[in-house]
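Q: Could you take me through a structure feature by feature, giving the general idea before the particular case?

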Amino acid sequence: MLAAACAFAAMLAGGWWLSSRDRGSAITTSAVTAVRDIDPPSIVVASAGGPATGTTASSPSDSLRDTDVDGAVRVDAQGRPQPDRELRRLFDYFLSRIGEQSPEAIRVALIAHLQPRLAADALATVLAWFDAYVALERDSVVAGHEARDMTAAVARVRSLRRERLGAELAQAWYGEEERAYDDALTRRRLLADRSLDEATRARRLAELDALDPQRQTLQAQSLELDSAVRQSRDFELRQVDAATRYAEREALFGREAAQRLAALDARKTQWQERLRRYAAQRRRVLADTALSDSQRRQRMASLLQGFDANERRRVDVLTRNGLLPGP
């Protein structure tokens with residue numbers, strides 16, 4: 001069970017470094033950052049007049065060229081946009097161009113996609129949500145780096161969601177994830193509460209278990225995830241060697257999970273090394289006075305080509321907030 005949560009555990013413990021490939025195996029109960037849905041993509045804009053499909057224009061160098069739009073804006077009978085996960089998927093689709101295009105260009109492309117499909121008032125609402133979502137993504141990365149521990153990171157990002165999105169939108173996009181996390185936390189506290197007798201503990205655990213099977217699975221994964229994250233943070237603080245980490249993880253979680261966590265440790269180290277190389281190369285480009293502004297922009301863009309779309313988004317946030325590794 002922990003194996004399904006290992007990717008997200010490493011994301012929390014290691015500073016938001018996972019690529020889209022790693023996040024594909026993460027559980028969907030993230031209380032710190034959005035874990036993308038894995039349902040088949042929808043490109044339907046639901047309206048009173050019926051569904052309509054959508055595509056976007058792209059340049060020959062665009063990584064999204066010849067791809068269908070992932071996500072949708074759904075509107076009710078009055079033409080009002082609905083703040084559901086399909087809308088978040090749509091935002092993520094366009095934001096995957098970070099590193100290839102400027103944030104302003106990405107926003108323009110989103111507008112071009114939406115204008116034929118939405119009335120002016122609805123378009124204005126969706127763009128306001130988009131701007132808030134971009135701010136949330138940026139500030140969530142910063143919060144993850146600055147938080148002293150996972151509990152502080154969870155609390156800060158939960159607060160950020162409501163600051164940036166408002167209570168209604170935050171609930172629509174993240175409510176189920178947050179409930180699952182809270183349920184798992186309650187379970188862990190019940191198990192650790194020595195003041196409870198066994199009958200009381202069993203009764204309260206049974207009450208938590210009186211949920212649908214999917215939520216039970218998510219709860220159990222979150223519980224083991226929390227344990228794995230706390231253990232990984234302890235390893236980092238104590239600078240535990242790889243062999244000891246493996247032995248302790250195998251004893252607690254089993255061989256398969258220990259192997260996956262060891263692999264994630266290795267990928268985290270590789271990610272930090274890639275960031276250090278990028279930061280060093282970026283400093284050299286910025287310091288090269290022989291380059292024109294156009295040449296400097298081209299060099300900067302070429303440095304990002306070694307990162308995939310999701311990694312570029314993280315690198316962009318780290319760069320804008322001065323969080324890249326130093327010399």
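**Reading the helices, burial and side-chain pairs**

A: From the N terminus onward, the elements of the chain follow the order α-α-α-α-α-α-α-α-α-α-α-α-α, where helices (H or I, at least four residues) and strands (E, at least two) are DSSP runs numbered from the N terminus. This is a predicted model, in which local features need pLDDT of at least 70 and side-chain atom pairs count only at pLDDT 80 or more, while totals for chains, interfaces and linings use all residues. Residues are numbered from 1 along each chain as its sequence is written, and side-chain values use heavy atoms, with hydrogens and water left out.

Q: How many helices and how many strands does the chain have?

A: The chain has 13 helices and 0 strands.

Q: What percentage of the residues is buried, and what does the chain expose?

A: A residue is called buried under 20% relative accessible area, exposed over 50%, and partly exposed in between (1.4 Å probe, protein chains only). Of the 327 residues in the chain, 47% are buried. The chain exposes about 16400 Å², of which carbon and sulfur atoms supply 51%; such areas come from the Shrake-Rupley method with a 1.4 Å probe, and for residues only the protein chains shown count as cover.

Q: How should I read contacts along the sequence?

A: A contact means heavy atoms within 4.5 Å. Among the contacts in the chain between residues at least 6 apart in sequence, 63% join residues at least 24 apart.

Q: How many salt bridges are there, and which parts of the chain does the one between Asp70 and Arg89 link?

A: A salt bridge is a side-chain nitrogen of Lys or Arg within 4 Å of a carboxyl oxygen of Asp or Glu, and by this rule there are 23 salt bridges. In one of them, Asp70 pairs with Arg89, with the closest N and O atoms 2.6 Å apart. That pair links distant parts of the chain, since Asp70 is in the loop between helix H2 (20–23) and helix H3 (85–95) and Arg89 is in helix H3, 19 residues apart. Asp70 counts as partly exposed at 23% relative accessibility, whereas Arg89 is buried, with a relative accessible area of 8%.

Q: Which residue forms a salt bridge with Glu178, and is Glu178 buried or exposed?

A: Glu178 forms its salt bridge with Arg158, the closest N and O atoms being 3.9 Å apart. Here Glu178 is in helix H7 (residues 167–192) and Arg158 in helix H6 (residues 150–165), 20 residues apart. Glu178 is buried, at a relative accessible area of 4%. Elsewhere, a network of salt bridges links Arg138, Asp139, Arg156, Glu163 and Arg164.

Q: How many aromatic pairs does the structure hold, and why is the pair of Phe91 and Phe130 classed as it is?

A: A pair of aromatic rings is described by the distance of the centres and the angle of the planes. Rings of Phe, Tyr and Trp (its six-membered ring) pair if their centres lie within 6.5 Å, and planes under 30 degrees apart count as stacked, over 60 as edge-to-face and the rest as tilted. The structure holds 7 aromatic pairs. The centres of Phe91 and Phe130 are 5.2 Å apart with the ring planes at 70°, so the pair is edge-to-face. Phe91 is in helix H3 and Phe130 in helix H5 (residues 120–146), 39 residues apart, and both residues are buried. Ring pairs also link Phe91, Phe130, Tyr133 and Trp173 into a cluster.
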